Amino acid sequence: MVSLMQNRWTENYTREKVIKKSHLSRTADSACIAASGNCQEDSLQCSGSYQSGLCSGSATRRCCVPAAGDAACTATSGNCQEDSLQCSGSYVSGLCSGSANRRCCVPSGSASCSNLYITRSEWNARDATSQTTLQTPVSKVFIHHTDTPTCTDMASCKTRWNDIGYSFLVGEDGNVYEGRGWSNVGAHTQNFNNIAYGVAMIGSYGSRLPNANALTAVKNLIACGIQLGKIQSSYQLYGHRDAGQTSCPGNQLYAEIQTWPNYSNATP
Ligand SMILES: [Zn+2]
C-alpha cells in the first residue's frame, strides 16, 4: 500500500519536474515521471542512467532515471552528485550510491522535512508522564525492531508498537510515527538514551528485511535529522545489539544497516 508519506514525497518530486519542463505538457513526459526520472537533453549529466522512449519532444530528450541506490536522496527531493560541485542547499551523507564523494545535494527550503512524521496527536498517543530534554545534535542513532507483527497501513501501524520509549517508529506503510521525538530523551537503548535517537522498525526482522518503503523512510528521517540540526552529520549508526545483549534489530535488518555508510564498527 502506498503511504501518505510516499505520496507527499512523490508529489514534491513530481512538482519539481513539472516546473523544470514548463514548456511541455505534464502528460507528455508522464512515463518518465512515473519512473521517478527527469526528461532532459541527453548531453546533460545524469546521476543515474538514461532511458529512451519515456520523454516527449526530440530524440535527444531522454529520461534520466536516478540509480536505485539513490532512492533515499531522491526521496528528500535531493540530487546525488560529486560533492566538489556546487550545491544550492546542503550536502547530506549516506543517501547516495557509489563513492563517498557522491553525496546528496538537498535544496534549501526543501519541503521534504516538513510533514516528516505522524505526530503523537495525529496517532492519538497518550501524553507522556514525564519528559527530559535531549541535548542535540546527537552523535548516535540506534536501529531497533519492535519484534511484533508488521503493519502496512496506518490503522494497523498505529497500534503495533509495544514500547513508546523509541524516538520514532517506522512502518511498512512508509510512515514515520513520532515517539519521544527529536526533543525528548527516549527509553530505547540502555546507557545511550541521553546521547542517541532510537528508531524502531515495526515488525520482526530476523528472517526478512523491512520493505523498501520502510527502509527509505528511515534513511529520510536520518537525513532530515541532520538537516534540522538534530543529528550530527558525522553520526554513528548502530543496531541495538551493538549496545547490549539482544538480538534486536533482527539478523536481516542488522545485516542491512551494516551496509549503510554511517554504520560504525567501533564500540558505541
Ligand atoms: Zn531494540
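The legends below describe close-up views of a predicted model.

Residues are numbered from 1 along each chain, following the sequence as written. Because the model is predicted, local features need pLDDT of at least 70 and side-chain atom pairs count only at pLDDT 80 or more, while totals for chains, interfaces and linings use all residues.

**View 1. Confidence along the protein.** The pLDDT (the predictor's confidence in each residue, from 0 to 100) averages 82 over the protein, and 85% of the residues score at least 70. Helices (H or I, at least four residues) and strands (E, at least two) are DSSP runs, numbered from the N terminus. Among these elements, helix H1 (residues 4-20) has the lowest mean pLDDT, 38, and strand S10 (residues 196-201) has the highest, 98. Residues 1-26 stay under a pLDDT of 50. For residues 1-26 the model has 35 contacts beyond four places in sequence, a contact being two residues whose C-beta atoms, placed from the backbone, lie within 7 Å.

**View 2. Strand S3 and its partners.** Two strands pair if DSSP finds at least two bridges between them. Strand S1 (residues 38-41) is joined to S3 (residues 61-65) by four bridges, and S1 and S3 run antiparallel. Cys 39 stands opposite Cys 63 in S3. Strand S2 (residues 49-51) also pairs with S3 in the antiparallel sense, over three bridges; Ser 49 has Val 65 as its bridge partner in S3. Four of the five residues of S3 are buried, where buried stands for 20 or more other C-beta atoms within 10 Å of a residue's own, exposed for 12 or fewer, and partly exposed for values in between, with C-beta atoms placed from the backbone.

**View 3. The open sheet S4-S6-S5.** Three strands form this open, antiparallel sheet in the order S4-S6-S5. Strand S4 (79-82) and strand S5 (90-92) are its edge strands, each pairing on one side only. Direction ignored, neighbouring strands are turned by 50° against each other on average. Axes are lines fitted to C-alpha atoms, for helices over the stretch in contact, and angles run from 0 to 180 degrees between N-to-C directions. S5 is joined to strand S6 (residues 102-106) by three bridges, and Tyr 91 stands opposite Cys 105 in S6. Helix H5 packs on the sheet and touches S5 and S6, its direction making about 140° with that of S5.

**View 4. Helix H5.** The expected span of a helix is 1.5 Å times one less than its number of residues. For the 16 residues of H5 (residues 212-227) this gives 22 Å, which agrees with the 22 Å between its end C-alpha atoms. Of these 16 residues 15 are buried, so H5 is largely enclosed by the rest of the structure. Just after H5, Gly 229 takes a positive phi of about 80°.

**View 5. Gln 252 in helix H6.** Gln 252 lies in H6 (residues 251-257). With 15 other C-beta atoms within 10 Å, Gln 252 is partly exposed. Leaving out residues up to four places away in sequence, Gln 252 touches Tyr 205, Gly 206, Ser 207, Arg 208 and Leu 209. Ser 204 is 48 residues from Gln 252 in sequence, and their C-alpha atoms are 9.5 Å apart.

**View 6. Backbone features in loops.** A cis peptide bond with omega of about 0° joins Thr 136 and Pro 137; Pro 137 is in the loop between S6 and strand S7 (138-145). Asn 124 is found in the loop between S6 and S7, has a positive phi near 65° and is exposed, with 8 other C-beta atoms within 10 Å.
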